[in-house]
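Biologist: Please take a close look at one part of the molecule shown here, and then explain how that part fits into the rest of the chain. A connected account, suited to a first-year student, would be welcome.

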Amino acid sequence: MSIEPENPINVPAVCAVHGHPGKWVCGKCSQSLCSDCKPVAYDFRVFHPACLELESRQAEKKASHRPLETPSVGVRFLAWFFMIAAVAVFGLALLLLGVGFLSRSAMPLGALIGGGLPTIDDVPGGRTLLIWMGFLVALLAVLAVFIGVGLLNCLQAARRAILVFSWIEILLALIGWIVVLAAGRGFWDVPVFAVLMIVYFSRKDVKRQFEPAPELIEVNR
């Protein structure tokens, strides 16, 4: 393959290695090239032989570590799971806020859970607590949507949020076990979902989807 000289205006006057007039500029290190450099033309650019070899190695390494263009089936499934769950949770938030703001004082509080509890206003601070719970549940629904969208776009923040909340759930479960052991009774919470999330998002093939592609290292001479 013949190599045509580039525009002399954009080429350094002298080759730094051989001291001959420069005819080309290396596409990797941007140094001048003369005929004695044995330049190699590749992909519409001209390279030192060593620079072309380095360029090829770095391109192969970048390709091997490049994240998937689209998330895997498992990540997509979890993303849609979070977004569908967010819709259900947001519906619960609307129910709590509707009861808190719009219900009459005669409405039994137990109607929400099917029990025989007193009316909502018979419980001190019951209506205020219900309203705050509604806002909190709505916030969780919004957070679940952001996590779902983040997973679909392979954002590292979404993966980290899942891991953080999973570890918090495990920590709370451990505290609950201590309370049960101390009191001698209670409910043993087993955070199965949190453990599964930590194991899944710690897998190497899953982590790779959320890692940015490494940049090529420039050669300075």
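Modeller: I begin with Phe-81, which counts as partly exposed because its relative accessibility is 38%, a value that lies between the limit of 20% for buried residues and that of 50% for exposed ones. It should be said at once that this is a predicted model.

The surroundings of Phe-81 are best described through its ring. A pair of aromatic rings is described by the distance of the centres and the angle of the planes. Seven aromatic pairs are found when the whole structure is searched. In one of them, the ring centres of Phe-81 and Phe-193 are 5.9 Å apart and the planes meet at 45°, so this pair is classed as tilted. The pair joins distant parts of the chain, since Phe-81 belongs to helix H2 (residues 73-102) and Phe-193 to helix H5 (residues 192-201), with their positions 112 residues apart in the sequence. Phe-193 has a relative accessible area of 38% and is therefore partly exposed. Phe-82 also takes part: ring pairs connect Phe-81, Phe-82 and Phe-193 into a cluster.

To place this cluster, consider the whole chain. The protein has six helices and four strands, and, read from the N terminus, the order of its elements is β-β-β-β-α-α-α-α-α-α. Of contacts between residues at least 6 apart in sequence, 49% join residues at least 24 apart. Of the 221 residues, 32% count as buried. The protein exposes about 14,600 Å², and 68% of this area is supplied by carbon and sulfur atoms.

Part of the surface is a nonpolar patch, with about 1,000 Å² of accessible area in total; among its members are Leu-136, Leu-143, Phe-165, Ile-168, Leu-171 and Val-179. Two elements, helix H3 (126-152) and helix H4 (156-183), each give two or more residues to the patch. The largest share, seven residues, is supplied by H4, and Leu-171 is situated in that helix.

Between H3 and H4 runs a loop that contains Cys-154. The phi angle of Cys-154 is near 55°, which is a positive value in a residue other than glycine. The relative accessible area of Cys-154 is 14%, so this residue is buried, the limit being under 20%.

Lys-38 may be set beside Cys-154. Its phi is near 50°, again a positive value in a residue other than glycine. Lys-38 is located in the loop between strand E2 (32-33) and strand E3 (40-42). With a relative accessible area of 65%, Lys-38 is exposed, because values over 50% are counted in that way. Thus one of these loop residues, Cys-154, is buried, whereas the other, Lys-38, is exposed.

A last example concerns a charged residue within a helix. Glu-55 is part of helix H1 (residues 49-65). Its relative accessible area is 12%, and Glu-55 is therefore buried. The side chain of Glu-55 is joined to that of Arg-45 by a polar contact of 3.2 Å.

To return to the starting point, Phe-81 is partly exposed, and it shares a ring cluster with Phe-82 and Phe-193.

Technical notes
Residues numbered from 1 in each chain as written. Predicted model: local features only at pLDDT ≥ 70, side-chain atom pairs only at ≥ 80, totals over all residues. Heavy atoms only, no water. Patch = residues over 30% accessible without salt bridge, like charges linked within 9 Å, V, L, I, M, F, W, Y side chains within 5 Å. Areas by Shrake-Rupley, 256 points an atom, 1.4 Å probe, with all protein chains shown as cover. Salt bridge = Lys/Arg side-chain N within 4 Å of Asp/Glu carboxyl O. Buried < 20%, exposed > 50% of the residue type's maximum accessible area, 1.4 Å probe, protein only. Polar contact = N/O pair within 3.5 Å; in protein donor to acceptor, adjacent residues only side chain to side chain. Phe/Tyr/Trp six-rings, centres within 6.5 Å; stacked < 30°, edge-to-face > 60°. Contact = heavy atoms within 4.5 Å.
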